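Grab a coffee and open the viewer: here are a few exercises on pockets, cavities and backbone oddities. Try each task yourself before you read the solution.

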Amino acid sequence: MHMRTVRVAIAGFGGVGLATASLLLSRRARYREVHGVDIRLVAVCGSRAGLHDDRGLEEHQLGALEDGLSGPSFLEASGADLLIEAGPSDFRTGGPGLGYIRSALAAGRDTIVISKGALVHSGEELRQLAKRSGALMKLSGAAAAALPTIDLVDHSLKGCTVLEVEGILNATTNYLLDAMMTRGIGFDAALREAQLGGFAEADPRNDTEGWDTACKLLILANFGLYANLTMADLAVEGIQAVTSERIEAWRRKGLVPKLVGSLARTDGTFRASVGIRTYPLADPFANIRGKDKAIRIVTDAMGETIAIGSGKEPLATAAAALKDLEHILTVRAASHRAEQRASQ
Ligand SMILES: NC(=O)c1ccc[n+]([C@@H]2O[C@H](COP(=O)([O-])OP(=O)(O)OC[C@H]3O[C@@H](n4cnc5c(N)ncnc54)[C@H](OP(=O)(O)O)[C@@H]3O)[C@@H](O)[C@H]2O)c1
């Protein structure tokens, strides 16, 4: 039987882009066996340099990018059928990802988005572009990655009406609050520890002020629940002002603070906010430790569902993006079979 070839390009080649490329290459046999598809990584690029090989790049080539091979037009010219976007996130401008995602969707190429910026900034425009061109757009990597959020609603809770969502969606803030609660260290000391550990940014405000949680919540609301929210609709509070005295007061009361993004549906519209909520020790949310994340979803017919995620980064995010790839391969295989039947 003739095996279909799917050519993949990756835009944004930092920790997550490289981990995604390596995992993709290591799973090629699986894609052939399970999906009957020959996956080729034909192009990758960072902000100034990249690689292109129509026969497919191999792992040993990924360490040395060539200057000048970058930008949406470079990836378009590579002949890729599918884009994985893993550039920096900037929800105020859409970030560099926006240009790559726009050009791929406009050309009808299926697109897997890992950065949050473009989805928050121009989500509706991108959704319309995909609808017009027939391209599929998947975004697990941008919506808490290894923790299932949109997929939980789309698959496991399909058909139910989501009434409430509550999520510990940011690993850094969970780590900081957990360290302050369990080891009695102050915010600054916990932050220094997280920065030395390499998982808090040098400028941590996107995490500590709640913006990263807000972005993930908005993406879940708009792409998973078809809400139509913008950042202006959210009240956003972070953890940067949490003092040792407040921590001590919560501890005395047997409460555990978490930075939580929450959505509640009333009369068909969603109210969304990000802020600190406290939980009694018996609540599963009180026991989400370190860099773990969690989501609680209440639906009309399936009651309460809780998922807890603890994947190690950047592998877990790469795996979330490649879960999206397999969902796309499944959908495309079904439409391919339907086309073949129609032409017989
Ligand atoms: N790290 C995680 O655990 C995690 C988890 C979930 C989601 N994410 C999201 O995944 C994305 C990537 O994260 P990361 O940790 O891999 O970040 P990173 O290491 O900073 O990598 C970002 C990459 O984007 C590239 N880039 C910047 N401008 C570009 C442009 N105009 N065109 C093409 N590439 C461009 C950079 O290129 P240069 O190297 O040339 O500067 C770099 O290769 C972010 O949006 C992040 O929010 C990360």
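One thing before you start: this is a predicted model.

**Exercise 1. The ligand site**

Task: Work out which residues come nearest to the ligand, and find the polar contacts of its oxygen atoms with glycine 15, valine 16 and lysine 116.

Solution:
- Step 1. Start with the surroundings. There are 20 residues around the ligand, and the nearest are Val16, Gly46, Ser47, Gly87 and Tyr100.
- Step 2. Sort that shell by class: you should get ten polar, eight nonpolar and two charged residues.
- Step 3. Now go for the contacts, taking N or O pairs within 3.5 Å. Valine 16 puts a polar backbone atom 2.8 Å from a ligand oxygen. Glycine 15 also uses a backbone N or O atom, with 3.1 Å to an oxygen of the ligand. Lysine 116 works through its side chain instead, where an N or O atom sits 3.2 Å from a ligand oxygen.
- Step 4. Finish with the cover. On its own the ligand would expose 910 Å², and the protein buries 66% of that.

**Exercise 2. The second largest pocket**

Task: Find out which elements and which domains supply the lining of the second largest pocket.

Solution:
- Step 1. Locate the pocket. Its volume is about 530 Å³, and Leu136, Met137, Lys138, Asp154 and Tyr226 are the lining residues nearest its centre, out of 20.
- Step 2. Go through the elements. At least two lining residues come from each of α5 (117-133), β7 (137-138), α6 (150-156) and α12 (315-343).
- Step 3. Step up to domains. Domain 1 (4-145 + 315-343) and domain 2 (150-309) each give at least three residues to this lining.
- Step 4. Check the chemistry: ten of the lining residues are nonpolar, seven charged and three polar.

**Exercise 3. Closed spaces**

Task: How many cavities of 30 Å³ or more does a search of the whole structure find, and what lines them?

Solution:
- Step 1. Count them: the search turns up two.
- Step 2. Take the largest cavity, with about 70 Å³ of space. Its lining includes Ala9, Leu75, Leu83, Tyr100 and Arg109. The elements giving two or more residues to that lining are α3 (72-77), β5 (82-85) and α4 (97-106). By class you'll find eight nonpolar, two charged and one polar.
- Step 3. Notice a link back to Exercise 1: Tyr100 lines this cavity and is also among the residues that come nearest the ligand.
- Step 4. Move to the second largest cavity, at about 30 Å³. Among its lining residues are Ser140, Ala145, Pro148, Ile150 and Lys323. The tally here is five nonpolar, two polar and two charged.

**Exercise 4. Backbone oddities**

Task: Which peptide bond is cis at proline 314, and what is the phi of alanine 145?

Solution:
- Step 1. Recall the usual picture: most peptide bonds are trans, and most residues other than glycine have a negative phi.
- Step 2. Look at proline 314, in the loop between β13 (303-309) and α12. Glutamate 313 is joined to proline 314 by a cis bond, with omega about 0°.
- Step 3. Then pick alanine 145, in the loop between β7 and α6. Its phi is positive, near 55°. You've met Ala145 already, as part of the lining of the second largest cavity.

Notes: Residues numbered from 1 in each chain as written. Predicted model: local features only at pLDDT ≥ 70, side-chain atom pairs only at ≥ 80, totals over all residues. Heavy atoms only, no water. 1 Å grid on protein atoms, 1.4 Å probe; cavity = no way out; pocket = protein on both sides within 12 Å on 5 of 7 lines; lining within 4 Å. Points joined across faces, edges and corners; volume = space filled by probe spheres on them. Helix = DSSP H or I, 4+ residues; strand = E, 2+ residues; numbered from the N terminus. Nonpolar A, V, L, I, M, F, W, Y, C, P; charged D, E, K, R; others polar. Domains from an automatic or database assignment. Near = heavy atom within 4 Å. Polar contact = N/O pair within 3.5 Å; in protein donor to acceptor, adjacent residues only side chain to side chain. Areas by Shrake-Rupley, 256 points an atom, 1.4 Å probe, with all protein chains shown as cover.
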